[in-house]
Amino acid sequence: MRILVTGATGQIGSELTLELRRHHRDDVVAAGHRRPAADKLAASGPFVRLDVTDRAALERVVREHRIEAIYHLAAVLSATGEQDPPRAWEVNVNGLYNVLEIARHRGLAQVFYPSSIAVFGPRTPRDATPQDTILSPTTIYGVTKVAGELLCDYYARRYGLDVRGLRYPGIISSETPPGGGTTDYAVEIFYAAVEKRSYTCFVREDTALPMMFMPDCLRAAIELMAAPNGNLRYRTYNITAMSFTAGEVAAEIRKHIPEFRVRYQPDFRQEIADSWPRSIDDSAARSDWGWKPVYGLKETTAEMLRALGERQAAGCLYPSG
Ligand code: AKB
């Protein structure tokens, strides 16, 4: 299968591209609106500069590379979205619309769409948030993700397009840093810890959110896309791996680095975090396609500190470019 990954220089897109390349070798074309850092992404296969809001350019890439499936990771996240709502709508909704239109006109086999816990809002039950519940977000990012889910449902029902998605929680990873999300503190805190700095956290100590370590995030996408279509009751599934407060991750880090200190200085992202679930019920994903996370807070913390520690020792903690 010849695959296009949009948003391939982003936090999930960069690692998903490498993971798909391990499965599909040369058949994965990475696309991003900026050049990748001189790293594994650029070295391991084709890369094209692409703005997903430019439908003609997207169509050209799909045609020239004879693409059969699109993993559409390009998105503006929650915190950045609040700084520029029109841009969030343009990229998140019109970008997806372009992908879906091209997919149906060209008869593509599959589309992957990353949704988010941001589809939920303050009126949604915040603990064990169900698969079927109130979707009334208060961020533009959440609004675009609900619109995206509905568009995907529509294209599946109306045109028979095989489009599948996941409502990702905050993603923690040691490779490409996240760009502009509310859950970014759960990654930044590890960089501060390995650099022996104190960390100023932009949400309160008691703020709990659902999270997932990158290997689980990648495996979820790959397993969902490989699942028999007939087993899927939903186009977009709730998934989670763990939930913890900002204070709990700091305490877990202190088991490795006892002198690590965190100050809590909530900013506008606190209100966003307060509108999202504390924990997620992913039983539909577990029963329909066998979802089962591997990494909890303990394993994630140990692995983050190990990976970042190694990079720091090698003098390349932060990716170049
Ligand atoms: C964000 O914080 O905006 C993202 C998300 C939960 O979708 N990480």
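**Entry 1. Term and model**

I take helices, H or I runs of at least four residues, from DSSP and number them from the N terminus. The model I am examining is predicted. By this assignment I find 12 helices and 12 strands in the chain.

**Entry 2. The chain as a whole**

I looked up the overall dimensions. The C-alpha trace spans about 55 × 45 × 35 Å along its principal axes. I then asked how the radius of gyration compares with that of a compact globule. For 321 residues such a globule would have a value near 20 Å, and the chain has 19 Å, which agrees.

I noted that 58% of the 321 residues count as buried. The accessible surface comes to about 13,300 Å², and carbon and sulfur atoms account for 49% of that area.

I counted contacts between residues at least 6 apart in sequence, and 78% of these join residues at least 24 apart. For the charges, I recorded 39 positive and 39 negative, with mean positions 3 Å apart.

**Entry 3. Leu41 in α2**

I located Leu41 in helix α2, which covers residues 40-43. Is Leu41 buried or exposed? I record it as buried, because its relative accessible area of 4% falls under the 20% cut-off.

Setting aside neighbours within four places in sequence, I listed the contacts of Leu41 as Ala8, Thr9, Ser14, Thr17, Leu18, Arg21, Ala30 and Pro36. I also took one distance: Leu41 and Val61, 20 residues apart in sequence, have C-alpha atoms 18 Å apart.

**Entry 4. Helix α1**

Several partners of Leu41, including Ser14, Thr17, Leu18 and Arg21, appear among the buried residues of α1, and I turned to that helix next. Helix α1 runs over residues 11-24; its 14 residues should span 20 Å at 1.5 Å a residue, and the end C-alpha atoms are 20 Å apart, which agrees.

How many residues of α1 are buried? I find 11 of the 14, and I describe the helix as mostly covered. The buried residues are Gln11, Ile12, Gly13, Ser14, Glu15, Leu16, Thr17, Leu18, Glu19, Leu20 and Arg21.

**Entry 5. From Glu19 to α8**

I followed Glu19, a residue of α1, to its partners beyond four places in sequence, and found that it touches Leu218 and Ile222. The C-alpha atoms of Glu19 and Pro215 are separated by 9.5 Å, although their positions lie 196 residues apart along the chain as a sequence separation.

Both contact partners of Glu19, Leu218 and Ile222, are listed among the buried residues of α8. The full list for α8 reads Met214, Asp216, Cys217, Leu218, Ala220, Ala221, Ile222, Leu224 and Met225. As background, an α-helix has 3.6 residues a turn, so residues three or four places apart point the same way. Helix α8 holds 13 residues, 214-226, and reaches 18 Å from its first C-alpha to its last, close to the 18 Å expected.

**Entry 6. Gly81 and α6**

I located Gly81 in helix α4, residues 78-83. Gly81 is buried, with a relative accessible area of 0%. Outside the four-place window, Gly81 touches Val76, Ala88 and Ile140. Gly81 and Thr139 are 58 residues apart in sequence, and their C-alpha atoms are 7.9 Å apart.

I then checked α6, which covers residues 140-159. Its 20 residues reach 27 Å from first C-alpha to last, close to the 28 Å expected at 1.5 Å a residue. Gly160 follows α6 and has a positive phi, near 70°.

**Entry 7. Positive phi outside glycine**

Where does Ala128 lie? I placed it in the loop between β5 (110-116) and α6. Its phi is near 50°, a positive value in a residue other than glycine. Ala128 is partly exposed, at a relative accessible area of 44%.

I next examined Lys196, in the loop between α7 (185-194) and β8 (199-201). Lys196 is not a glycine, yet its phi is positive, about 60°. I record Lys196 as exposed, because its relative accessible area of 59% is over the 50% cut-off.

**Entry 8. Thr301 in α12**

Last, I looked up Thr301, found in helix α12, residues 297-313. Thr301 is buried, with a relative accessible area of 0%. Which residues does Thr301 contact, leaving aside neighbours within four places in sequence? I noted Phe190, Glu252, Ile253 and His256.

Definitions and conventions: Residues are numbered from 1 along each chain as its sequence is written. This is a predicted model: local features need pLDDT of at least 70, side-chain atom pairs count only at pLDDT 80 or more; totals for chains, interfaces and linings use all residues. Side-chain values use heavy atoms; hydrogens and water are left out. Helices (H or I, at least four residues) and strands (E, at least two) are DSSP runs, numbered from the N terminus. The expected span of a helix is 1.5 Å times one less than its number of residues. Buried means under 20% relative accessible area, exposed over 50%, partly exposed in between (1.4 Å probe, protein chains only). The radius of gyration is taken over C-alpha atoms; the globule rule is 2.2 Å times the number of residues to the power 0.38. Contact means heavy atoms within 4.5 Å. Accessible areas come from the Shrake-Rupley method with a 1.4 Å probe; for residues, only the protein chains shown count as cover. Lys and Arg count as positive and Asp and Glu as negative; His and the chain ends are not counted. The place of a charge is taken as NZ of Lys, CZ of Arg, CG of Asp or CD of Glu.
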